[in-house]
Amino acid sequence: IVEVDVVMTADQKAVVLHDDFLNDLTCVNTLTFDELKERLPYVPSLQQILNIAKKFSHKNPAKNSKHISGLVNIEIKTPAPLCDPDDVTEQNLVAAVLRAVEKSNSSKQVIIEAFSPAIIAMFAAEAPAIKRNFSINILQLLSPEEVEAIIGLPVTLIDKDAGFGLQ
């Protein structure tokens, strides 16, 4: 199993990159895939990674196993407020990831992971057969005052009513 972080470009391509902004604070979602490749030539699309991983997906006939190897854990990185100040790009990000998974025919080979209950809920609604993994951050369980005391910055709650009772 391999874990990759995914963000989205301006032309709505899912790319494998840990952060959604570059060192100069340029948001990835303001660059097309080609523009991103000019700046960071090593950044692959999610579909490229899934096509490579497909080669490692096989059942072990010797052990009569139903276990599939070559799994890809796709961590969906929700855009930072710097890159999505109005918090409106999540549905497009989900759609971009699903397009890559469908085009590579790898829905049984992937696990969708997110710290966002809203993202997990979107995947559950859009592609219920794809496995999902909800990660949690301790900050999601604290009050705004407790978080502010820890990080020293003001906190604005965003409640997306995703059914998990988390913000």
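What follows is a short exchange about helix packing and enclosed space in a predicted model.

Colleague: Why are H2 and H3 called roughly parallel?

Modeller: Their packing angle is about 30°. Angles under 35 degrees count as roughly parallel. H2 and H3 are therefore roughly parallel to each other. Their axes lie 9 Å apart, and the crossing is right-handed.

Colleague: Which residues make that contact?

Modeller: H2 brings Leu46, Gln47 and Leu50. H3 brings Val97, Ala100, Val101 and Lys103. By class, five are nonpolar, one is polar and one is charged.

Colleague: What makes Lys103 the charged one and Gln47 the polar one?

Modeller: Lys counts as charged, along with Asp, Glu and Arg. Gln is not in the nonpolar or charged list, so Gln counts as polar.

Colleague: Why is H3 called oblique to H4?

Modeller: The axes of H3 and H4 (residues 117-126) cross at roughly 50°. Roughly parallel needs an angle under 35 degrees, and roughly perpendicular starts at 65. The angle of roughly 50° fits neither class, so H3 is oblique to H4. The two axes come within 10 Å. This crossing, too, is right-handed.

Colleague: How do you know that H3 and H4 meet, and through which residues?

Modeller: Contact means heavy atoms within 4.5 Å. On the H3 side, Glu90, Gln91, Val94, Val97 and Leu98 take part. On the H4 side, the partners are Ala118, Ile119, Met122, Phe123 and Glu126. The classes are seven nonpolar, one polar and two charged.

Colleague: What makes H3 stand out in the lining of the second largest pocket?

Modeller: H3 (90-103) gives the most, with four residues. H2 (46-54) and H3 each supply at least two. Ala96, Arg99, Ala100 and Lys103 are in the lining, and their numbers fall within 90-103. Leu46 and Gln47 also line the pocket. Among the other lining residues are Asp11, Gln12, Lys13, Ala14 and Ser45.

Colleague: What is the volume of that pocket, and how does its lining divide by class?

Modeller: The volume is about 160 Å³. The lining has four nonpolar, three polar and four charged residues.

Colleague: Why is a space called a cavity and not a pocket?

Modeller: In a cavity a 1.4 Å probe fits but cannot get out, whereas a pocket is an open set. The structure holds one cavity of 30 Å³ or more. The largest cavity has a volume of about 60 Å³.

Colleague: Which residues line the largest cavity?

Modeller: The lining consists of Val7, Met8, Asp20, Asn29, Lys77, Pro79, Thr89 and Leu93. Four are nonpolar, two polar and two charged.

Note on methods. Residues are numbered from 1 along each chain as its sequence is written. This is a predicted model: local features need pLDDT of at least 70, side-chain atom pairs count only at pLDDT 80 or more; totals for chains, interfaces and linings use all residues. Side-chain values use heavy atoms; hydrogens and water are left out. On a 1 Å grid over the protein atoms alone, a cavity is a set of points where a 1.4 Å probe fits but cannot get out, and a pocket is an open set with protein on both sides within 12 Å along at least five of seven lines; lining residues have an atom within 4 Å of a point. Grid points are joined across faces, edges and corners, and a volume is the space filled by probe spheres set on the points. Axes are lines fitted to C-alpha atoms, for helices over the stretch in contact, and angles run from 0 to 180 degrees between N-to-C directions. Angles under 35 degrees count as roughly parallel, over 145 as roughly antiparallel, 65 to 115 as roughly perpendicular and the rest as oblique. A crossing is left-handed if the near helix is turned anticlockwise from the far one by less than a right angle, and right-handed if clockwise.
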